[in-house]
Amino acid sequence: MNQNKSKNSLINWELVSVNPNDKNWDWKDLFCFWGNNIQSVIGFSLIASLYLVYELNVFVVLFGTLIASFFIYFFANLIGKPSQKYGLPFSVILRSSLGIKGAKYVGLFRGLVGIFMFGIQTYFLSRLFSFLIRISIFSFDSTILDYDIFLIFLLGLNIIDWVSFVITIILQAFLFSKSHQFNRFIIRFSAVTVYSGMLIFFLVVFLYDVKVTSTAFADIFSINNIFDKGNLAPLITVAGTVFAFFSIVIVNYGDFSRYVKNENELKKGNLSLILNLLLFSFFAVFIVIGADIFLNKNLENMERILTNPTDIIGKIDNTKLTIIVLFFIIFSSASTNLIANYVPTQNTLLNLMPTKLNLKTSAVIIALLGFIIGIFWLPLLSQIGILAFVDTCGAFFGPLFGIMVVDYYLVKKTNLDNKNIFSLKKNGLYFYSNGWHIKAIYSLVLGFIFAASTIWNESLMYFHSYSWMIGAFISSLIYYLLVSK
């Protein structure tokens with residue numbers, strides 16, 4: 001089918017309602033989706049670090065994680081249902097509340113965060129490829145790496161790093177832009193592969209010394225003072241931290257829930273997030289503790305225990321194991337980049353220029369921008385605090401969520417007009433004031449101010465983990481009060 005070439009059209013065949021034959025995701029696909037979100041170096045380090053920070057207090061970390069997962073489950077159901085019902089992505093559903101033009105330009109904030117994080121994640125992913133290349137060269141001839149050509153650096157990268165980075169970004173753009181069916185395969189394959197890898201690593205660590213490892217694992221989980229009122233503050237902190245980790249994917253969850261068969265599968269799939277967190281937490285903590293015993297460290301000194309998987313394998317002098325683990329980390333990092341960064345950016349670009357872009361052309365734009373961000377990450381962007389800017393843009397996500405949910409459930413009563421949502425007619429249902437819904441924009445700005453204040457106001461930084469919820473609450477309340485008049 002040829003895409004409508006009219007310059008005034010909002011139709012792009014990647015954004016219209018999903019063909020019923022393509023709505024074939026079930027709860028197992030969503031299990032893999034949520035698994036991919038936690039299966040990353042950052043996710044591994046976060047979970048393991050939380051247990052170590054609170055000295056492996058099961059109550060604080062486990063229950064804090066469960067509280068966060070229930071909030072994520074609830075919010076994911078709310079934002080996922082409209083897209084599941086109508087088969088539309090986040091950027092199109094947004095038209096209902098912000099207006100045709102409002103969704104086009106305000107939605108860019110999600111794309112902006114996505115493209116920045118895509119470039120940064122691609123840089124770190126390319127480092128894994130460069131490690132593999134260096135290991136291969138060193139295994140062939142250890143003197144080659146001492147050649148002058150490998151000692152020349154441009155923007156902090158030598159020729160191996162440059163080759164790795166270019167290969168990484170081209171490979172991602174090529175694979176991620178094939179089709180949503182292929183992306184589904186990547187998500188499934190990555191989740192199963194990474195969990196299999198963690199199981200293998202778990203068995204290696206566990207079988208190193210079954211008695212010592214299992215005893216250490218059992219002993220460190222203290223349940224003493226489980227009802228101590230001093231646990232309340234850490235409990236809230238853990239819940240906020242875990243929620244903040246997942247918050248980036250909640251607002252555009254519709255980009256994936258649109259492919260789910262029915263609401264029942266959606267709910268079951270979202271519930272699998274809890275199983276993912278429990279399973280991943282078990283593997284992460286056991287591997288960290290077991291590796292520490294394997295490396296003959298003092299388990300009592302929590303500050304010395306390594307929580308980053310790349311640091312752990314770096315300490316274990318085993319080339320074959322290192323290569324295997326690097327491949328597992330590459331799979332997990334790439335799939336996380338697909339879900340959290342690439343797809344949201346792609347749909348944002350398609351919504352911005354629906355008649356000019358398709359999967360391939362949007363992939364070229366993402367690759368070029370990601371390339372620029374990635375190569376300047378080490379020498380420039382990481383030095384000027386660019387992540388604070390990215391965090392500020394991310395402060396729009398909570399308010400956007402709040403407005404979308406109130407608009408769909410309380411204002412539109414779960415009804416959307418599939419024809420009008422692609423219409424540029426001035427009397428269209430979602431055209432509002434020249435394409436902008438002023439009340440929604442006003443609510444969004446106020447919610448953003450409250451959310452962003454936790455980033456820039458030092459006295460409010462303690463609430464940074466809750467900025468998403470704060471923004472969502474403020475914007476949803478103001479929006480409801482304004483439109484209900």
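The crossing of α6 and α7 is right-handed, in what is a predicted model. The two helices, α6 and α7, pack at an angle of about 125°, and their axes lie 8 Å apart. That angle makes α6 oblique to α7, because it falls outside the range of 65 to 115 degrees that counts as roughly perpendicular and is not over 145 either.

If you want to pick out the contact in your viewer, start on the α6 side. There you'll find Phe-118, Gly-119, Thr-122, Tyr-123, Leu-125, Ser-126, Arg-127, Phe-129, Ser-130, Ile-133, Arg-134 and Ile-137. Facing them from α7 are Ile-160, Asp-161, Ser-164, Phe-165, Thr-168, Ile-169, Gln-172 and Phe-176. By class, the contact of α6 with α7 comes out as 10 nonpolar, seven polar and three charged residues.

Now stay with α7, which covers residues 159-176, and look at its packing against α14. Here the angle is about 65° and the axes are 11 Å apart. So α7 and α14 end up roughly perpendicular to each other, and α7 passes α14 in a right-handed crossing. On the α7 side, the contact is made by Gln-172, Ala-173 and Phe-176. The α14 side brings Ala-334, Asn-337, Leu-338, Tyr-342 and Gln-346. That contact holds five nonpolar and three polar residues, with no charged ones. Two α7 names should ring a bell: Gln-172 and Phe-176 are listed in the contact with α6 and also in the contact with α14.

Next up, the open space. The largest pocket has a volume of about 1300 Å³, and 43 residues line it. To centre your view, use Ile-42, Met-117, Ala-244, Phe-245 and Ile-248, which lie nearest the middle of that pocket. Plenty of helices take part: two or more lining residues come from each of α2 (41-53), α6 (108-140), α10 (232-250), α14 (319-352), α16 (386-394), α17 (397-411), α18 (438-456) and α19 (467-483). Our earlier acquaintance α6 gives the most to this lining, with nine residues. If you're thinking about probe chemistry, the lining splits into 25 nonpolar, 16 polar and two charged residues.

The second largest pocket has a volume of about 460 Å³. Its lining counts 26 residues, and Trp-13, Glu-14, His-180, Arg-258 and Tyr-259 are the ones nearest its centre. At least two lining residues each come from α8 (180-208), α11 (254-257) and α14. So much for the address; the class split of this lining is 12 nonpolar, nine polar and five charged residues.

Finally, the enclosed space. How many cavities of 30 Å³ or more does the structure hold? There are three of them, and the largest cavity has a volume of about 60 Å³. Around the largest cavity sit Leu-78, Ile-79, Pro-82, Ile-93, Ser-96, Ser-97, Met-404, Val-405, Asp-407, Tyr-408, Tyr-409 and Leu-416. Helices α3 (58-86), α4 (90-98) and α17 each supply at least two of these lining residues, and α17 has the largest share, with five. Sorted by class, the lining of the largest cavity has nine nonpolar, two polar and one charged residue. Helix α17 therefore turns up in two places on this tour: it gives two or more residues to the lining of the largest pocket, and it supplies five to that of the largest cavity.

Key:
Residues numbered from 1 in each chain as written. Predicted model: local features only at pLDDT ≥ 70, side-chain atom pairs only at ≥ 80, totals over all residues. Heavy atoms only, no water. 1 Å grid on protein atoms, 1.4 Å probe; cavity = no way out; pocket = protein on both sides within 12 Å on 5 of 7 lines; lining within 4 Å. Points joined across faces, edges and corners; volume = space filled by probe spheres on them. Helix = DSSP H or I, 4+ residues; strand = E, 2+ residues; numbered from the N terminus. Nonpolar A, V, L, I, M, F, W, Y, C, P; charged D, E, K, R; others polar. Axes fitted to C-alpha atoms, helices over the stretch in contact; angles between N-to-C directions. Parallel < 35°, antiparallel > 145°, perpendicular 65-115°, else oblique. Left-handed = near helix turned anticlockwise from the far one by under 90°. Contact = heavy atoms within 4.5 Å.
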